[in-house]
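Me: I have a structure open on my screen and would like to go through it with you, one question at a time. Shall we start?

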Amino acid sequence: MLRVAPRSLLTGRRPAVLVSLALALAITACGGDSTTAPNPGPSRPTLEKPPVVAPNATGRGELVSATPFPAIITRIEAGAVIAGAGGAGVFTPRYDVQGFTVRYRTPGLNGQLTEATGAVYLPVGASTALPTVAYMHGTVTARNNVPSNPFAAEGRVFGTVFGTDGHIVVMPDYLGLGGSTGVQLYLHQQTHASAAIDLMRAARTLATQRSVSVDRNRLFVTGYSQGGAVALGVLRELERNFTTEFPVRGAAGMSGPYDLSGTVRTALLLNPPYPPAVGYTALITGSMSTVYNLGALSLFVRPEAITVTNAILNGSATDAQLATLPRTPQDLLVSTFVTKIAVDTNDLFWQALVDNDVYDWKPNTPVRLYYGGADIDVPPQNALTAQGIMRARGTESVAAVNVGSTLTHGTAVVPATLATKRFLDSLFARP
């Protein structure tokens, strides 16, 4: 069952990232490439996209406040986290780490600046200029289960692991989560990227205030599950519009739904009786209809599921509410909507999903796409499709890497993270 408060990240159970897009999770080796669509349908309607705010617009990335977490994470505590994550012997903690809840300014969905939140972790006592790791978190259904919360597992684990080895760690909550207003804009790459990049700006201001020197030529982007796809979206935006301000050395996506449109199409066709898939169908449908002004939620979601769908979007859904969701993704949706999108691949809903695919472009920096070979949540085809298309576009430094043929979405978290850390170390000289 879809949970409001996900379990611990680094156990063998379902990870706290709660897995991005459980409906995106159902993609199989038989499909997932959005270029293999059925009947093209009628002429293409026009998708109404949110306004794009200039990269250097006044106020973007302004630091509003930074509140220290209640306690510094010591090297001893960091060592325990690393050992508990299965990383003992990979590296030795070198710094205590101080986390901060950060408020900063970034464009909202309407193009106007709004306040967003995230976390920044700073190594304590470093005497050299430090590189930055930007980590994108996985799917959450509770508004406060995000990195800016000092007690949220995912942010604390990744902030500690990368921070104690001498990296400034930047982790956005995303709009609609944490301390920002509105509903979650789930897997909307434009606002995810601007939220991440503007937090990087605020983090540099915070580091200066705390007398921490930043190496502006060493930046690495990564993320798990939903965050794996977001990491590629952030990398794309950095390479297109921020090459001078944020030269990036590389990126690692971990178990991400890079082919969002193909993934959702396959999931809806398979229509699995899988409770998380139904919850995430509500989340992705509600999010896309909000972002692209596709119409009232009642056009997509059946009347009996409207209340719980709104609760999921608001980050307030309870287990009792989630238990009322229907059996399959199609059972959640209005039948006329399902019929329409089954035959019309030019429908605005599909266009919205394609607008958030992140595999069909040419990275200029090294990329690794780590996955578990037995992952049925975000199956390997996502990484393989991205690798194939990126190489066809001329990128030689991208590789999809299977971190274990028997590893699932939950059990691949640790091996993928350790592989990411080794990849990061290969790109950076030790600070």
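Me: Happy to begin with a charge and a ring. Over the ring of which residue does the charged end of R265 sit?
Reply: This is a predicted model, so let's take the geometry as computed from it. The charged end of R265 lies 4.6 Å from the centre of a ring and over it. The residue that carries this ring is W350.

Me: Nice. Which residues form one aromatic cluster with W350?
Reply: W350, the residue whose ring has R265 over it, also belongs to an aromatic cluster. Its partners there are F300, F337 and F349.

Me: Where else does an arginine lie over a ring, and what is the distance of R218 from the ring centre?
Reply: Another case involves R218, which lies over the face of F428. From the ring centre, R218 is at 5.8 Å.

Me: How many aromatic pairs does a search of the whole structure find, and is the pair of F158 and F162 stacked or edge-to-face?
Reply: The search of the whole structure gives nine aromatic pairs. For F158 and F162, the ring centres are 6.5 Å apart and the planes meet at 20 degrees. Planes under 30 degrees apart count as stacked, so this pair is stacked.

Me: Which helix holds both F158 and F162, and are they buried or exposed?
Reply: The two phenylalanines are four residues apart, about one turn of the helix, and both lie in α2. Relative accessibility is 2% for F158 and 1% for F162. With the limit for buried at under 20%, F158 counts as buried, and F162 is likewise buried.

Me: What about Y186 and Y280: how many residues apart in sequence are the parts that this pair ties together?
Reply: Y186 and Y280 make a tilted pair, 6.1 Å centre to centre with 40 degrees between the planes. Y186 sits in the loop between β5 and α3, while Y280 is in helix α6, so the pair links parts of the chain that are separated in sequence by 94 residues.

Me: Now a strand. Why is β7 described as largely enclosed by the rest of the structure?
Reply: Look at the two faces of β7: G250, A252 and M254 are buried on one side, and A251 and G253 on the other. The strand is largely enclosed because the number of its five residues that are buried is five.

Me: Which residue stands opposite A252 of β7?
Reply: β7 pairs with β6 in the parallel sense, over five bridges. Facing A252 is T222.

Me: Which strands are among those covering the buried residues of α13?
Reply: Helix α13 spans residues 413-427 and reaches 21 Å from its first C-alpha to its last. Its buried residues include V413, L418, F423 and L424. What covers the buried residues includes helix α2, together with the strands β4, β6, β7 and β8.

Me: Let's turn to R44. Is R44 buried or exposed, and which residues beyond its sequence neighbours does it contact?
Reply: R44 is in the segment before β1. Its relative accessibility is 55%, so R44 counts as exposed. The C-alpha of R44 is 8.9 Å from that of T345, although the two are 301 residues apart along the chain. Leaving aside neighbours within four places in sequence, the contacts of R44 are N346 and Q351.

Me: Last one: over which residues is the pLDDT below 50?
Reply: The chain averages a pLDDT of 89, and 90% of the residues score at least 70. One stretch has 144 contacts in the model beyond near neighbours in sequence, yet its pLDDT is below 50: residues 1-38.

Definitions and conventions
Residues are numbered from 1 along each chain as its sequence is written. This is a predicted model: local features need pLDDT of at least 70, side-chain atom pairs count only at pLDDT 80 or more; totals for chains, interfaces and linings use all residues. Side-chain values use heavy atoms; hydrogens and water are left out. The expected span of a helix is 1.5 Å times one less than its number of residues. Buried means under 20% relative accessible area, exposed over 50%, partly exposed in between (1.4 Å probe, protein chains only). Contact means heavy atoms within 4.5 Å. pLDDT is the predictor's confidence in each residue, from 0 to 100. Rings of Phe, Tyr and Trp (its six-membered ring) pair if their centres lie within 6.5 Å; planes under 30 degrees apart count as stacked, over 60 as edge-to-face and the rest as tilted. A charge sits over a ring if NZ of Lys or CZ of Arg is within 6 Å of the ring centre and within 35 degrees of the ring normal. Two strands pair if DSSP finds at least two bridges between them.
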